[in-house]
Amino acid sequence: MLTEKINLAALKSAIRTLKGKNGEVECLIIPIKENMLYKGNKGIYLDIVGFEIDKAKHPDTKDTHLLKQSFSKEKRESMTEEELNAIPILGNLTDWDKITETTPSENIPETIEQEEIKDDLPF
């Protein structure tokens with residue numbers, strides 16, 4: 001079994017409290033263009049690639065892979081070294097078939113400053 005944890009707040013995003021049909025709704029707003037998401041016919045996609053963690057360097061982690069946003073070869077080659085290094089780690093993957101313990105590790109999310117804006121939402 002594989003489990004993944006993805007920190008969506010690692011993308012360019014904002015948390016807002018908006019007005020919904022049944023009261024206030026806390027929302028995570030993720031801009032499409034600014035995060036280089038792919039807008040297809042059936043959805044909006046975030047391509048992810050997993051990099052295997054070197055267990056010799058990190059023996060205490062249950063994680064088997066780090067997850068980062070994936071880009072086309074052309075896009076990667078057009079990015080500067082600084083841009084490539086700035087791509088955030090979005091989360092982790094654990095292959096529980098390779099782990100003897102049964103409790104997944106908890107990642108503590110970073111605190112995100114919230115700003116309240118009142119708007120109508122369709123939900």
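Ile6, Leu8, Leu28 and Ile48 come together at the surface as a nonpolar patch of about 290 Å². Keep in mind that this is a predicted model. The protein chain behind that patch has two helices and nine strands, and buried residues make up 22% of its 123 residues.

**The patch and Ile6**

- Ile6 is one of the residues that make the nonpolar patch, and it sits in strand S1, which covers residues 2–6.
- Ile6 has a relative accessibility of 38%, so it counts as partly exposed; the buried class would need a value under 20%, and the exposed class one over 50%.

**The whole chain**

- Going along the sequence, you meet the elements in the pattern β-β-β-β-β-β-β-α-α-β-β.
- If you take the contacts with a separation of 6 or more, 50% of them are between residues 24 or more positions apart.
- The accessible surface of the protein chain is about 9600 Å², and carbon and sulfur atoms account for 51% of that.

**The four-stranded sheet**

- Four strands line up as an open sheet in the order S1-S8-S7-S6, with antiparallel pairing.
- S1 and strand S6 (48–52) are the edge strands, each pairing on one side only.
- On average, neighbouring strands in this sheet are turned by 25 degrees against each other, direction ignored.
- S1 is held against strand S8 (residues 89–95) by five bridges, and the two run antiparallel; in this pairing, Leu2 stands opposite Asp95 of S8.
- On to the next pair: strand S7 (residues 65–69) and S8 are antiparallel too, with four bridges between them. Leu67 has Gly91 in S8 as its bridge partner.
- S8 is mostly covered, with six of its seven residues buried.

**The S2–S3 hairpin**

- Strands S2 and S3 make a hairpin, with two residues between them.
- S2 spans residues 14–20 and S3 spans residues 23–29; the two run antiparallel and are joined by seven bridges.
- Ala14 stands opposite Ile29 in S3.

**The loop after S3**

- Ile30 lies in the loop between S3 and strand S4 (38–39).
- Leaving aside residues up to four places away in sequence, Ile30 touches Leu8, Leu11, Lys12, Ser13, Asn35 and Leu37. Leu8 turns up again here, having already appeared in the nonpolar patch.
- Ile30 and Ala14 are 16 residues apart along the chain, and their C-alpha atoms are separated by 6.9 Å.
- With a relative accessible area of 26%, Ile30 is partly exposed.
- Met36 belongs to the loop between S3 and S4 as well, and it is partly exposed with a relative accessible area of 38%.
- The backbone of Met36 deserves a look: its phi is near 55 degrees, a positive value in a residue other than glycine. For background, most residues other than glycine have a negative phi.

How values were computed
Residues numbered from 1 in each chain as written. Predicted model: local features only at pLDDT ≥ 70, side-chain atom pairs only at ≥ 80, totals over all residues. Heavy atoms only, no water. Patch = residues over 30% accessible without salt bridge, like charges linked within 9 Å, V, L, I, M, F, W, Y side chains within 5 Å. Areas by Shrake-Rupley, 256 points an atom, 1.4 Å probe, with all protein chains shown as cover. Salt bridge = Lys/Arg side-chain N within 4 Å of Asp/Glu carboxyl O. Buried < 20%, exposed > 50% of the residue type's maximum accessible area, 1.4 Å probe, protein only. Pairing = 2+ DSSP bridges. Axes fitted to C-alpha atoms, helices over the stretch in contact; angles between N-to-C directions. Contact = heavy atoms within 4.5 Å.
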